[in-house]
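Subject: Structure handover

Hello,

Here is the structure I said I would pass on. Please open it first, and then read the notes below alongside it.

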Amino acid sequence: MIEILLVEDDPVLGRGLSINLEAEGYRVHWATDLASAAIANKRKSLELVLLDLGLPDGSGFQFLKAIRESGSRIPVIILTAKTDEDSVVEGLQLGANDYVRKPFGDRELLARIKTALKEPQVRSHQIRYGDLLVLVDRRQVMYGDREIDLSPREFDILSYFVQHADTVITREALLETIDKDNELFDRTIDSTISHVRSRLKKSGLKSIEINSIYGVGYRLEKI
Ligand code: CA
C-alpha cells in the first residue's frame, strides 16, 4: 500500500483528503504542523508528500527545504491557497514536483498524485545545498533564479562538491569522478576549482565557498 504524508492544518480539508485518499487505496499519515510532519517523515515507507504552505508553526517551504537538504527525493506536491506565482516558483525551486491550487477537485489531485508517483526521479533529481541548487539532469547550477555559467568539467566538479558537501574531498576522489579517461593532472583539478570559485563569486553567491584543506583536498561549506 502506498503511504502518503499529508501535511495540512485545516481540519476539514485534512479529514476529507484522508478519507478520500484512503478510499483510493492509499495509506495516509496526516500531520497538522511542521513539528509532527518532521516526526512522520521519519517513516522510510513514505512515497509521497502533500504539503500545505501555511501551517501553524511555520511555512511548508521549511519542511520542503529540510527534506531536500537531507537528500530526500520523495515526490512533493504543494497544496497552495496562494494565488501568486512567486510561491509556486519558490516551491518548484526548492524541489517540489508539482502543485495544486486550492480549492481543487479530488480527481485533479488524484491524477497529479499518480503522475508524481509514476515519474522516474528525473524531475526531482535536484540537489540543494544552502543557496545552491543543482539540476543534475539538466546539468545546471542555480543561485536563486540565476544560472551559474559553468563549463562541463566545472559542472562535474561543483555537482560532486554539492553531493558531498561539508566533507573533505581528496584530489584523488575528484580525479576519479571527473576524469574517467585518466587524462588529467592534479594541477588541472586545482585550476578547474579556481575557475569554479570565480564563477561562484561572479554570480554574487557569498554564503558558500570551496575551502582548500592543506595537503588533503577541498571542502564545500557554508560560510
Ligand atoms: Ca494551512
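Start at Leu132. Leaving aside residues up to four places away in sequence, Leu132 touches Ile127, Val141, Met142, Tyr143, Ile148, Leu158, Val162, Leu200, Leu205 and Ile208. Please keep in mind throughout that this is a predicted model.

Leu132 belongs to the largest nonpolar core, which has 29 residues. Leu132 and Phe161 are the residues with the most contacts inside that core. Several elements give two or more residues to the core, among them strand S8 (126-129), strand S9 (132-135), helix H6 (152-163), helix H8 (186-203) and strand S13 (208-213). Helix H6 gives the most, with 6 residues. There is also a second, separate core of 20 residues, which includes Leu5, Leu34, Leu46 and Val76. As background, nonpolar side chains tend to be buried together in soluble globular proteins.

Helix H7 (171-178) is another of the elements that give two or more residues to the largest core. Within H7, the residues Leu174, Leu175 and Ile178 are buried. They lie on the same side of H7, because the arc they cover around the axis is only 100 degrees.

Next, the sheet. It is an open sheet formed by 5 strands, in the order S2-S1-S3-S6-S7, with parallel pairing. Strand S2 (27-31) and strand S7 (98-101) stand at its edges; each has a single partner strand, so one side of each is left without a neighbour in the sheet. From one strand to the next, the twist averages 20 degrees.

The pairs can be followed across the sheet. S1 and S2 run parallel and are joined by 5 bridges. One residue to look for here is Leu5, whose bridge partner in S2 is His29. Helix H1 packs on the sheet and touches S1, S2, strand S3 (46-52) and strand S6 (76-80). The direction of H1 makes about 165 degrees with that of S2. Helix H5 (residues 106-118) packs on the sheet as well, touching S1, S3, S6 and S7, and its direction makes about 135 degrees with that of S3.

Further along, S3 and S6 pair in the parallel sense over 4 bridges. The bridge partner of Asp52 in S6 is Leu79. S6 and S7 also run parallel, joined by 4 bridges. In S7, Leu79 has Val100 as its bridge partner.

Which way do the residues of S6 point, and are they buried or exposed? Val76, Ile78 and Thr80 point one way and Ile77 and Leu79 the other, and all are buried. That fits the count for the strand, in which 5 of 5 residues are buried. In general, side chains in a regular strand alternate between the two faces of the sheet. S7 has one covered face, with Asp98 and Val100, and one uncovered face, with Tyr99 and Arg101.

Asp52 comes up again at the calcium ion. Which residues are the protein donors of this ion? They are Asp9 (OD), Asp52 (OD) and Gly54 (O), at 2.2 to 2.3 Å from the ion. Their spacing in sequence is D-x42-D-x1-G. Asp9 and Gly54 link distant parts of the chain, being 45 residues apart: Asp9 sits in the loop between strand S1 (3-7) and helix H1 (11-23), and Gly54 sits in strand S4 (residues 54-55). Asp9 has a relative accessible area of 31% and is therefore partly exposed. Gly54, with a relative accessible area of 44%, is partly exposed too.

Last, some figures for the whole chain. The protein chain has 8 helices and 14 strands. Its C-alpha atoms fill a box of roughly 60 × 35 × 25 Å along the principal axes. Of its 223 residues, 44% count as buried. Among contacts with a separation of 6 or more, 56% are between residues 24 or more positions apart.

Regards

Note on methods
Residues numbered from 1 in each chain as written. Predicted model: local features only at pLDDT ≥ 70, side-chain atom pairs only at ≥ 80, totals over all residues. Heavy atoms only, no water. Donors = N, O, S within 2.8 Å, 3.2 Å for Na, K, Ca; no water. Buried < 20%, exposed > 50% of the residue type's maximum accessible area, 1.4 Å probe, protein only. Core = buried A, V, L, I, M, F, W, Y, C linked by side-chain atoms within 4.5 Å. Contact = heavy atoms within 4.5 Å. Pairing = 2+ DSSP bridges. Axes fitted to C-alpha atoms, helices over the stretch in contact; angles between N-to-C directions. Arc of directions from axis to C-beta.
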